[in-house]
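Let's take a friendly walk through this structure, one part at a time. Have the viewer open and follow along.

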2 protein chains.
Amino acid sequence: MDEVAATPRSLKHVAVREYVRSLVEGADAGSPAPSERELVQRFGVARMTVRQAMDALVSEGLLERMPGRGTFVARPRRRVGRLTSFTEDMERRGMLAESQTLLARREQAGPGVAKALGITPGDAVIHWKRMRYADNAPMCIEDAYLNEVLLPGFLQAAMPTSLFDALAARGLRPTWAEDAITSDKANAEEANLLQVQPGTSVLVVARRALAGEKPVEVSRSVYRADRFTLWVQLGEES
Amino acid sequence: MDEVAATPRSLKHVAVREYVRSLVEGADAGSPAPSERELVQRFGVARMTVRQAMDALVSEGLLERMPGRGTFVARPRRRVGRLTSFTEDMERRGMLAESQTLLARREQAGPGVAKALGITPGDAVIHWKRMRYADNAPMCIEDAYLNEVLLPGFLQAAMPTSLFDALAARGLRPTWAEDAITSDKANAEEANLLQVQPGTSVLVVARRALAGEKPVEVSRSVYRADRFTLWVQLGEES
DNA sequence: GGTGACAGAGGGTCTAGACCACCCCTAGAG
DNA sequence: CTCTAGGGGTGGTCTAGACCCTCTGTCACC
């Protein structure tokens, strides 16, 4: 019945799950999925097996069960706190992100940076300071420290526009970030770089980014508050 | 006749699940949970039933299965973008939250508030403006608009310290919030209330909070940046 | 002392039924 | 015409087994 001979494992509940997923993908929210007993017929499996398949899709948030009525495509779940790079963030705002490197060199980690990166003070870090532009106007000063051990030869390679892309290419795209957000006045240097008056209010985001369990980046970004509003979505379940 | 007298709900898989949860709660990560067959013995149920119970805890992220070895308490999963109230937030920081109402009255919604609350301009809203203190010092000015339709008699009741508690009592605890975070300078009134110099940098959080699908609250909170840093955790799980 | 086979225990998959509660629609009663 | 009682379909719960693969510790053998 199934031409799947090359797969060492042909798990029935996986087959059912993926079949239903393919049906459901792209369907409007609220449209019905096949009933469990119908899938039992179609695949010739036990109902418990079908339920195992459907359970997976339900707990994935793709389907929604309604006792007595059926199983339906769930309303797409709202995404909580998506982690995005500056480039992606600007794209989402319909702006073109560009960068200019102000400083890029190997340094020894100070105590604060070392602690945040989970390394020993004095260990090598990459210090990368950039101006970030959106639609050709200054948006942000980003001062980042990267764990040198995880990124051999990083400074030799051509500096990419997107740090996240460069990390992703090494399998180190951050999957987790802790941001501390505060507000401050631009000092003389920041004001000059951001092309605002000294003393202007700026938004400061201190980030610690991890790829899996490994801290990769710690940074301090100073945003022009007149051009940038940080959007955050919060929820209360997994 | 269908009145099931003494058994409101005695679901076996729930019994097993809660039994295991109680065992596991407070246990160190990595410590073993009872084996499935042991639970089958203890509760005298089928193994599928035990698996249903364990599946729930696994997909909840509480347990972790390791084929051939057993089921173990999982490392607590990092929480992404938890939605908390001011009171809870201050508690987490080890500070005592207090409030002082500056204004509490019924108003007609303006266009911006109406749009955010999903109602018609001119509809009744509750306008509640409060000073928020942490450890007896000013922390924040919170200016909130609530959907009056959802909260009948809200102004008549004694104003609680925690808005979230009051909403929770009506089954309207926000489950979702969209925050727009920016930075500004305190104007004369804000500076006076927050007891800072006019022109000081403040952190401004504009929030739209929903309970399920219903927008309940829209607010603008002005925080003293010298006392308050906003913490946000971001992830990228699907 | 090292080592490999083996048994026991653990989770993973799957069956072929059963009965329940619930929802909705419809046909018959009024 | 309205209202209500069924009936059929749905998911929810549960059983009592079966066989599979993987892991780990033990114990006899070298």
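## Two matching hairpins

A good place to start in this predicted model is the hairpin of β1(A) and β2(A), where three residues lie between the strands and A:G68 takes a positive phi near 85 degrees. Strand β1 of chain A covers residues 63-66 and pairs with β2(A) in the antiparallel sense over four bridges. One pair to look for is A:R65, whose bridge partner in β2(A) is A:T71.

Now turn to chain B. The hairpin of β1(B) and β2(B) has three residues between its strands, and B:G68 takes a positive phi near 85 degrees. Here β1 (residues 63-66) of chain B runs antiparallel to β2(B), with four bridges joining them. Within this ladder, B:M66 stands opposite B:G70 in β2(B).

## Confidence and domains

For chain A the mean pLDDT is 91, and 95% of the residues reach 70 or more. Residues 1-8 of chain A are another matter, with a pLDDT below 50 and three contacts in the model beyond near neighbours in sequence. Where pLDDT is low, the predicted coordinates should not be read in detail.

The domain assignment splits chain A into domain 1 (2-73) and domain 2 (86-224). Taken over C-alpha atoms, the centres of domain 1 of chain A and domain 2 of chain A are separated by 44 Å.

## Around the DNA

Which residues come nearest to DNA strand C? They are A:K12, A:V45, A:M48, A:G68 and B:S35, out of 24 residues around this strand. Both chains appear in the list of contributing elements: α1 (12-24) and α3 (47-59) of chain A, together with α2 (36-43), α3 (47-59) and β2 (70-73) of chain B, each supply at least two residues of the surface near DNA strand C. By residue class, this surface divides into eight nonpolar, seven polar and nine charged.

DNA strand D is surrounded by 22 residues, and the closest are B:K12, B:V45, B:A46, B:M48 and B:G68. Two or more residues each come from α2 (36-43), α3 and β2 (70-73) of chain A, together with α1 (12-24) and α3 of chain B. The surface near DNA strand D is made up of seven nonpolar, seven polar and eight charged residues. The hairpin glycines met earlier are thus on both lists: A:G68 for DNA strand C and B:G68 for DNA strand D.

## Where the chains meet

Contacts between the two chains involve 31 residues of chain A and 31 residues of chain B. On the chain A side, the elements that give two or more residues are α3, β6 (176-185), β7 (201-211) and β9 (230-235). The largest share, 10 residues, comes from β6(A). This side of chain A divides into 14 nonpolar, 10 polar and seven charged residues.

Strand pairing crosses between the chains as well. β9(A) and strand β6 (residues 176-185) of chain B pair in the antiparallel sense over six bridges. To find this pairing in the viewer, look for A:L230, whose bridge partner in β6(B) is B:I181.

## Two sheets with strands from both chains

One open sheet has seven strands in the order β9(A)-β6(B)-β7(B)-β8(B)-β5(B)-β4(B)-β3(B), with antiparallel pairing. At its edges stand β9 of chain A and β3 (97-108) of chain B; each has a single partner strand, so one side of each is left without a neighbour in the sheet. Neighbouring strands are turned by 20 degrees against each other on average, direction ignored. Further in, β6(B) pairs with strand β7 (residues 201-211) of chain B over 10 bridges in the antiparallel sense, and B:A180 stands opposite B:A206 in β7(B).

The other open sheet runs β3(A)-β4(A)-β5(A)-β8(A)-β7(A)-β6(A)-β9(B), seven strands with antiparallel pairing. Its edge strands are β3 (97-108) of chain A and β9 (230-235) of chain B, each pairing on one side only. Neighbouring strands of this sheet are turned by 20 degrees against each other on average, direction ignored. At the chain A edge, β3(A) runs antiparallel to strand β4 (residues 124-134) of chain A, with 11 bridges joining them. A:R106 stands opposite A:I126 in β4(A).

How values were computed. Residues are numbered from 1 along each chain as its sequence is written. Chains are lettered from A and ligands numbered from 1 in the order in which they are written. This is a predicted model: local features need pLDDT of at least 70, side-chain atom pairs count only at pLDDT 80 or more; totals for chains, interfaces and linings use all residues. pLDDT is the predictor's confidence in each residue, from 0 to 100. Two residues are in contact if their C-beta atoms, placed from the backbone, lie within 7 Å. Domain bounds come from an automatic or database domain assignment. Two strands pair if DSSP finds at least two bridges between them. Axes are lines fitted to C-alpha atoms, for helices over the stretch in contact, and angles run from 0 to 180 degrees between N-to-C directions. A residue is near a molecule or strand if its C-beta atom, placed from the backbone, lies within 6 Å of it. Ala, Val, Leu, Ile, Met, Phe, Trp, Tyr, Cys and Pro count as nonpolar, Asp, Glu, Lys and Arg as charged, and the others, Gly among them, as polar.
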